[in-house]
Amino acid sequence: MDRKKASEFDPELLGLFHKYVHGGISRREFLDGAAKFAVGGLTATALWDMLRPNYALAQQVAKDDKRIKAEYTMYPSPKGNSSNGQMRGLLARPSSGDKFPVVVVIHENRGLNPYIEDVARPPGRRRLHGPGAGRALASWRLSERGQVWG
Amino acid sequence: MQKQLDDGKMQEDFVAAAEFLLKHPQSTGKLGAVGFCQGGGRVNRLAVRVPQLAAGVPFYGPAPAVEDVPKIKAALLLNFAETDPNINGRWPGYEAALKANSIKYEAYVYPGTNHGFHNDTTPRFNEAAAKLAWQRTIDHFNKTLKS
């Protein structure tokens, strides 16, 4: 699957998209600003589609990998955002073993999405499956409830 | 995106996550945190707030309030993009406070990268930098969280 590189885009366009992602401007404003970069048959909407996340690219660790036990779980968070005091996270750990160190994985401003779920899936993203790596690395990951991109 | 959520309450959600994990029956009690972008900033703030945090790895995360830095107990590994003016502009002040308080940290800037370089679902993904930063992340957790 094709993933464009940042170097293929004008830095000003990347900056504009950064503003959009961080809530500084609306999608409409992004498209207006991107219009001048829409050349050679490209539309501003096509640029937006290229820059936004493509979650089909995210999965580096299979969801049904037998070395991993991963499930959504609720945990108490009485001072948090949820009206019922419960938050949802992805809890993942090696399928064998007793006790593990723990790591909280905190997502970007895009919520619990396929990218961050993949980061959380032990024994380790990026093929870091060295002997004992999964065990030594903390293997509980939690995140905030999913928010839909866009 | 999450503009509609209360920022302070969202931070509480991650403090609660840390407490949940610390108390979990399968936990050794050794706690780390890794986060990206806004979540990297939350790692910094978690380090300020949760003294049990032994290791923190913010990826291109906003610095915490400088006056809070003395509260940090965690050993930090900070990963920065080369082109990321909003985040990097606050690093010198943060670093000075880390040094002044003798807080253990390592910081790396990845040449040729933009904010978000670890996220493989957008064009800002930089595979070589993402791999190196993640290897350092794993090494840092292995070093600091092993029982």
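**Strands of chain B**

I began with the pairing of β2(B) and β3(B), and I found that these strands run parallel and are joined by 3 bridges. The model is a predicted one, and I keep that in mind for every entry that follows. Following the bridges residue by residue, I noted that B:Gly56 has B:Leu76 in β3(B) as its bridge partner, and that B:Leu76 in turn has B:Tyr105 in β4(B) as a bridge partner. I then looked up the pairing of β3(B) with strand β4 (residues 105-114) of chain B, which is also in the parallel sense and extends over 7 bridges. As for burial, I noted that β3(B) is mostly covered, with 7 of its 9 residues buried.

**Chain B as a whole**

I listed 5 helices and 4 strands in chain B, and from the N terminus on I read their order as α-β-α-β-β-α-α-β-α. For the overall dimensions I took the C-alpha trace, which spans about 40 × 35 × 30 Å along its principal axes. I also checked the radius of gyration: chain B has 15 Å, which agrees with the value near 15 Å that a compact globule of 147 residues would have. Buried residues make up 51% of the 147 residues in this chain. When I restricted the contacts in chain B to residues at least 6 apart in sequence, 52% of them turned out to join residues at least 24 apart.

**Confidence**

I looked up the scores before going further: chain B averages a pLDDT of 91, and 97% of its residues score at least 70. Within the chain, confidence is highest in helix α4 (residues 91-100) of chain B, at a mean of 98, and lowest in helix α5 (residues 127-145) of chain B, at 88. For the model I recorded ipTM 0.93 and pTM 0.77.

**The nonpolar cores**

Which residues of the largest nonpolar core touch the most other members? Of its 52 residues, I found these to be A:Val104, B:Ala17, B:Ala18, B:Ala33, B:Leu46, B:Leu53 and B:Ala74. The elements that each supply at least two residues of this core include β3 (100-106) of chain A, and from chain B they include α1 (7-23), β1 (27-36) and α2 (38-49), as well as β3 (75-83). The largest share, 7 residues, comes from α5(B).

I then singled out B:Leu53 and, leaving aside residues up to four places away in sequence, found that B:Leu53 touches B:Ala18, B:Leu31, B:Ala33, B:Leu46, B:Ala47, B:Lys73 and B:Ala74. Apart from the largest core I noted another one, of 11 residues, among them A:Leu13, A:Leu16, A:Val21 and A:Leu51.

**Chain A**

I turned next to helix α1 (residues 11-21) of chain A, whose buried residues are A:Leu13, A:Leu16, A:Phe17, A:His18, A:Tyr20 and A:Val21. Looking for what covers these buried residues, I found that the cover includes α2 (27-34) and α3 (44-51) of chain A. After α1(A) comes A:Gly23, for which I read a positive phi, near 80 degrees.

Is A:Glu71 buried or exposed? This residue lies in strand β1 (residues 68-76) of chain A, and I counted it as exposed because it has 9 C-beta neighbours inside 10 Å, where the cut-off for exposed is 12 or fewer. I also looked up its distance to A:Leu91, which is 20 residues apart from A:Glu71 in sequence and 5.3 Å apart in space, C-alpha to C-alpha.

Notes. Residues are numbered from 1 along each chain as its sequence is written. Chains are lettered from A and ligands numbered from 1 in the order in which they are written. This is a predicted model: local features need pLDDT of at least 70, side-chain atom pairs count only at pLDDT 80 or more; totals for chains, interfaces and linings use all residues. pLDDT is the predictor's confidence in each residue, from 0 to 100. The radius of gyration is taken over C-alpha atoms; the globule rule is 2.2 Å times the number of residues to the power 0.38. A residue is buried if 20 or more other C-beta atoms lie within 10 Å of its own, exposed if 12 or fewer, and partly exposed in between; C-beta atoms are placed from the backbone. Two residues are in contact if their C-beta atoms, placed from the backbone, lie within 7 Å. A nonpolar core is a set of buried Ala, Val, Leu, Ile, Met, Phe, Trp, Tyr and Cys residues joined through C-beta atoms within 7 Å. Two strands pair if DSSP finds at least two bridges between them.
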